[in-house]
Amino acid sequence: MLVLGIETSCDETGIALFDTEHGLLSHALYSQIEMHSEYGGVVPELASRDHIRRVLPLIKETLNTARCQLHDLDAIAYTQGPGLAGALLVGASIGTALSFALKIPALGIHHLEGHLLSPLLSTPTPKFPFIALLVSGGHTQLMRVNAVGEYQLLGETVDDAAGEAFDKTAKLLGLGYPGGSALSKLALQGRSGRFKLPRPMLHSGDLNFSFSGLKTAVLTLINKHEMTPQTQADIALAFQEAVVEVLTEKSLAALSQSDLTQLVVAGGVGANSQLRQNLTSAANTRGATVFYPELEFCTDNGAMIAFAGAMRLQTTPPQTRQPASSFTVRARWNLETLEAIDI
Ligand code: KG4
Ligand code: ZN
């Protein structure tokens with residue numbers, strides 16, 4: 001079965017074609033980052049308008065690359081939430097209209113389910129159950145994943161998400177928006193040990209996180225020191241080391257508390273190379289394995305939505321696979337309320 005995935009929850013228009021027999025056939029992405037960077041963050045109205053401009057050309061491109069046509073599709077999967085309401089409405093309305101016109105089902109996908117399942121697009125794939133560390137611009141959560149749709153929240157951030165902390169700290173260091181990737185590049189020039197920042201909630205005894213205090217600690221350092229390029233890099237590295245240590249320790253604690261040995265990392269911060277190195281070596285010394293999505297599928301993309309849609313389509317009885325005639329989007333949507341499916 002061939003599924004078209006449409007992702008428009010924030011500032012990336014992602015389109016992909018996933019085939020249940022042959023895997024990912026093609027995918028295309030347009031990032032609005034340049035447009036929003038002028039404003040230091042995502043401007044929701046501009047995001048919606050730009051998705052409108054991009055979705056149809058990207059769908060055409062994705063179909064052409066895979067040498068497929070609209071009438072080859074068996075279903076449309078679109079991100080139904082959570083995210084920016086106006087941006088979500090673009091993908092949802094186009095997905096629903098295509099479903100209605102082509103008389104094929106439309107599936108509203110949870111954006112975070114897409115992220116959680118994205119490591120299953122690569123090989124080797126983790127087997128259920130596993131622990132997932134979801135680290136994006138809007139979320140920092142540790143989940144137990146028992147099956148597709150069966151997610152149990154073990155811990156989450158009580159304030160800023162890890163990606164948000166990277167972005168805010170990058171801004172303090174004058175690195176632009178979103179700064180996670182730029183900060184991690186700058187940290188490569190940093191000298192470890194010059195500055196030591198706090199490890200928030202490292203010993204809290206639970207699996208929750210807190211990152212908002214770190215940017216205040218960074219601001220204090222910036223105010224105290226002359227900002228030479230070397231000092232900037234040293235601060236960037238100290239910040240990254242603090243975040244990476246907390247994420248690593250809590251992920252390992254989640255594995256041992258759940259008696260599991262597979263950890264999946266998803267979301268944009270999962271692209272961070274220091275986090276990857278640290279998690280992999282810490283997990284390996286304890287006999288655990290870490291699975292990552294391909295770098296291009298760490299941040300928002302259409303492939304994870306097409307894949308999650310395909311998983312859900314396979315378990316929908318044929319008689320209930322109806323074209324959509326209406327739709328809603330869910331700007332807020334609790335992942336734990338999803339229906340579990342057996343694949
Ligand atoms: O998953 P994602 O694309 O979007 C959300 O759903 O939020 O994640 C974007 C976040 C941004 O905060 C960005 O700064 C961060 O991921 N990010 C990184 C890196 N690449 C992207 N953070 C740290 N290191 C990176 N290499
Ligand atoms: Zn995301």
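**Exercise 1. Work out how helix 7 and helix 8 cross: is the crossing left-handed or right-handed?**

Step 1. Find the two helices, which are DSSP runs of H or I with at least four residues, numbered from the N terminus, as strands are runs of E with at least two. Helix 7 spans residues 212-224 and helix 8 spans residues 229-258.

Step 2. Take the geometry: the helices pack at an angle of about 160°, with axes 11 Å apart. Axes here are lines fitted to C-alpha atoms, for helices over the stretch in contact, and angles run from 0 to 180 degrees between N-to-C directions.

Step 3. Classify the angle. Helix 7 and helix 8 are therefore roughly antiparallel, a label for angles over 145 degrees (under 35 is roughly parallel, 65 to 115 roughly perpendicular, the rest oblique).

Step 4. Assign the hand. The crossing is right-handed: the near helix is turned clockwise from the far one by less than a right angle, whereas anticlockwise would be left-handed.

Step 5. Check the residues. Leu-214, Val-218, Leu-221 and Ile-222 of helix 7 meet Ile-235, Phe-239, Ala-242 and Val-243 of helix 8, where contact means heavy atoms within 4.5 Å.

A note before you go on: this is a predicted model, in which local features need pLDDT of at least 70, side-chain atom pairs count only at pLDDT 80 or more, and totals for chains, interfaces and linings use all residues. Residues are numbered from 1 along each chain as its sequence is written, chains are lettered from A and ligands numbered from 1 in the order written, and side-chain values use heavy atoms, leaving out hydrogens and water.

**Exercise 2. Trace the sheet: in what order do its five strands lie?**

Step 1. Start with the hairpin of strand 2 and strand 3, which has three residues between them. Strand 2 (residues 12-19) and strand 3 (residues 23-31) pair in the antiparallel sense over eight bridges; pairing requires at least two DSSP bridges. Ala-16 stands opposite His-27.

Step 2. Add strand 1 (residues 2-7) and strand 4 (residues 75-81), a parallel pair with four bridges.

Step 3. Write the order: 3-2-1-4-5, an open sheet with mixed pairing. Strand 3 and strand 5 (106-110) are the edges, each pairing on one side only.

**Exercise 3. Locate Ser-9: is this residue buried or exposed?**

Step 1. Place Ser-9 in the loop between strand 1 and strand 2.

Step 2. Ser-9 is buried because its relative accessible area is 3% (buried is under 20%, exposed over 50%, partly exposed in between; 1.4 Å probe, protein chains only).

Step 3. Look at its surroundings: beyond its neighbours within four places in sequence, Ser-9 has contacts including Thr-79, His-111 and Asp-300.
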